[in-house]
Amino acid sequence: MALAARVIPCLDVDAGRVVKGVNFVDLVDAGDPVELAKAYDAQGADELTFLDVTASSGGRETTYDVVRRTAEQVFIPLTVGGGVRGVDDVDNLLRAGADKVGVNTAAIVRPELIAEIADRFGAQVLVLSADVRRRRLRDGAPAGGFEVTTHGGRQGTGLDAVAWCARAAELGAGEILLNSMDADGTTAGFDIELIELVRAAVTIPVIASGGAGTPGHFAEALDAGADAVLAASVFHFGTLTIAQVKDAIRAHGHPVR
Amino acid sequence: MSARVVVLDYGSGNVRSAVRALEHVGAEVELSADPKLVAACDGLFVPGVGNFHACMAGLRAADGPRLIDVRLAGGRPVLGVCVGMQVLFDGSEEPSAAVEEGIGEWPGMVRRLPAEIVPHMGWNTVRAPAGSMLFAGVETESFYFVHSYAALEWELPVADGAMARRAPLITTCDYGTSFVAAVENGPLSATQFHPEKSGAAGLQLLRNWVGSL
């Protein structure tokens with residue numbers, strides 16, 4: 001008996017539709033977030049994460065509707081991130097049926113937002129999402145250390161990633177979603193060093209994200225100290241199933257559901 | 001006729017999932033704080049997320065402690081979930097600017113989990129006692145927890161000998177230490193985990209409760 005390692009599929013949602021290519025068999029409508037959420041639930045996903053990539057404010061209403069419809073039919077935890085700027089956005093998402101809310105850029109701009117959200121709704125609703133890349137010199141050579149970025153890894157903030165995660169945890173984040181922008185999309189494996197550094201710096205759960213390609217990669221991230229593993233494309237394209245990933249995790253001695 | 005359940009509406013976080021999950025297992029559900037409805041329904045579901053003291057303040061504003069007492073005095077079922085379970089104890093050591101006492105249906109304090117990584121977040125298995133009504137058919141399943149505090153000790157006598165039929169049934173879970181994951185005590189039941197977020201196993205637990213109403 002022990003707490004199970006969590007496997008979390010992540011869906012990009014734009015104006016109510018799942019984008020970034022989903023190639024799922026047995027689905028009438030692969031672009032419908034509710035259909036996909038149900039499919040992942042049936043596969044044994046431990047949680048679901050929606051990343052709202054909608055830019056327009058009108059689209060936000062659509063996102064609330066998507067969250068509402070999903071929460072009506074899928075009875076596992078749902079995290080929604082993307083575009084959360086203030087306490088009111090969190091309130092709206094929770095009211096729509098989200099269990100947790102991912103906060104990224106707004107917390108970098110104004111770290112007190114973390115404490116404001118935690119005070120009002122409890123630390124457990126706040127997932128601090130950090131997009132992290134390795135520091136590099138102008139010629140691309142490694143400069144040592146990790147930096148927090150915005151705009152999908154394109155813009156540096158100068159913030160040291162490990163120190164930022166520690167500060168966010170102190171301010172009241174309930175969990176860290178640690179995205180490696182270097183590993184993202186490579187399918188070459190998670191950034192193990194990054195996971196180890198952040199694990200050593202915080203005592204809240206860490207979700208590893210970015211780089212998953214094989215079932216073994218997920219197990220390695222958990223070996224490095226992650227409490228949960230998140231991936232998008234390997235699940236959406238059917239390259240891997242949740243069950244395959246869980247088998248590999250179990251074989252590495254981590255409990256799974 | 002389906003059981004009528006009221007989910008107590010006192011401003012606590014995401015209650016929509018609880019409403020939908022209870023509907024899903026066949027209950028007729030109302031989200032309300034109307035004392036008449038709360039008193040008359042077949043089962044009262046008490047949700048609760050966030051800070052213990054903030055939840056207690058919200059509950060008091062809705063006259064929750066008295067409404068729960070009145071139901072229990074009449075043997076009418078109540079199910080508390082997460083912080084909705086914690087408030088049933090004497091109090092909590094969770095920090096807060098304004099400290100509130102708990103409802104005190106059960107003795108003992110809610111304390112911080114002595115684990116390396118807190119919150120306890122995710123799916124965990126439990127030890128349900130023989131004869132549990134809530135866990136019938138899902139004794140070996142995992143349930144979704146998300147909390148930093150819990151009742152680490154159960155301070156009342158448990159099922160033993162002549163009292164066996166009436167004593168509380170205590171389900172425990174391990175995270176850093178053993179803690180109380182669920183209680184079945186006559187009309188008053190509670191779970192520290194979220195059955196409404198625990199997939200098919202959680203729905204079965206809710207079905208068991210609704211079926212008992």
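User: Which residues of chain B carry the "active site" label, and where does that label come from?

Analyst: UniProt, in an unreviewed entry, lists Cys82(B), His194(B) and Glu196(B) under "active site". The label may be inferred rather than shown by experiment. Keep in mind too that the model is predicted.

User: How do you know that they cluster in space, given how they are spread over the sequence?

Analyst: From the C-alpha distances: the largest is 10.8 Å, although the three are spread over 115 residues of sequence. Cys82(B) and His194(B) are also in contact.

User: Why is Cys82(B) called buried?

Analyst: The cut-off is 20 or more other C-beta atoms within 10 Å. Cys82(B) has 29, so it counts as buried. Its place is the loop between β4 (78–81) and α5 (83–86) of chain B. Leaving aside neighbours within four places in sequence, Cys82(B) is in contact with Gly48(B), Val49(B), His147(B), Gln192(B) and His194(B).

User: And what makes Glu196(B) buried?

Analyst: The reasoning runs the same way, with the bar at 20. Glu196(B) has 31 other C-beta atoms within 10 Å, so buried it is. It is found in the loop between β12 (188–191) and α6 of chain B. Beyond four places in sequence, Glu196(B) touches Phe75(A), Ser17(B), Ala18(B), Ala21(B), Gly202(B) and Leu206(B).

User: So Phe75(A) is a contact from the other chain. How many residues of each chain are in contact across the two?

Analyst: 29 residues of chain B are in contact with 26 residues of chain A. On the chain B side, α1 (16–24), β7 (120–125), β8 (142–147), β10 (169–175) and α6 (199–212) each supply at least two residues. β7(B) gives the most, with six residues. By residue type, that side divides into 11 nonpolar, 12 polar and six charged.

User: Which residues of chain A have an "active site" annotation?

Analyst: Asp12(A) and Asp131(A), again by UniProt annotation in an unreviewed entry. Asp12(A) lies in strand β1 (residues 6–14) of chain A, while Asp131(A) is found in strand β6 (residues 126–136).

User: Why is Asp12(A) classed as buried?

Analyst: Asp12(A) has 20 other C-beta atoms within 10 Å. The definition asks for 20 or more, so that count just meets it.

User: How do you know that Asp131(A) is buried?

Analyst: Its count is 26 other C-beta atoms within 10 Å, so the residue is buried. Away from its sequence neighbours up to four places off, Asp131(A) touches Asn104(A), Val148(A), Thr149(A), Thr150(A), Gly152(A), Gly153(A), Asn179(A) and Met181(A).

User: What makes chain A as compact as a globular protein of its length?

Analyst: Chain A holds 10 helices and 11 strands. Its radius of gyration is 17 Å and the globule rule gives 18 Å for 257 residues; the two are close, so chain A is as compact as a globular protein of that length. The C-alpha trace spans about 50 × 45 × 40 Å along its principal axes, and buried residues make up 53% of the chain. Among contacts between residues at least 6 apart in sequence, 62% join residues at least 24 apart.

User: Which residues touch the most other members of the largest nonpolar core?

Analyst: That core has 158 residues, and Val101(A), Leu128(A), Ile176(A), Leu178(A), Val229(A), Leu22(B) and Phe45(B) touch the most other members. Helix α6 (residues 161–171) of chain A makes the largest contribution, six residues. As for Leu22(B), its contacts beyond four places in sequence include Phe45(B), Leu206(B) and Val210(B).

User: Where does Val101(A) sit, and which way does it point?

Analyst: Val101(A) is in strand β5 (residues 100–103) of chain A, pointing one way with Val103(A), while Lys100(A) and Gly102(A) point the other way; all are buried. Its bridge partner is Val80(A). Strand β4 (residues 78–81) of chain A runs parallel to β5(A), joined by three bridges.

User: Last one: why are β5 and β9 of chain B said to stand at the edges?

Analyst: The sheet is open, with three strands in the order β5-β6-β9 and mixed pairing. β5 (91–92) and β9 (149–151) each have a single partner strand, so one side of each is left without a neighbour in the sheet. β6 (residues 109–112) and β9(B) pair in the antiparallel sense over three bridges, and Val110(B) stands opposite Ala151(B) in β9(B).

Key
Residues numbered from 1 in each chain as written. Chains lettered and ligands numbered in written order. Predicted model: local features only at pLDDT ≥ 70, side-chain atom pairs only at ≥ 80, totals over all residues. Core = buried A, V, L, I, M, F, W, Y, C linked by C-beta atoms within 7 Å. Buried ≥ 20, exposed ≤ 12 C-beta atoms within 10 Å, placed from the backbone. Helix = DSSP H or I, 4+ residues; strand = E, 2+ residues; numbered from the N terminus. Contact = placed C-beta atoms within 7 Å. Nonpolar A, V, L, I, M, F, W, Y, C, P; charged D, E, K, R; others polar. Rg over C-alpha atoms; globule rule 2.2 N^0.38 Å. Pairing = 2+ DSSP bridges.
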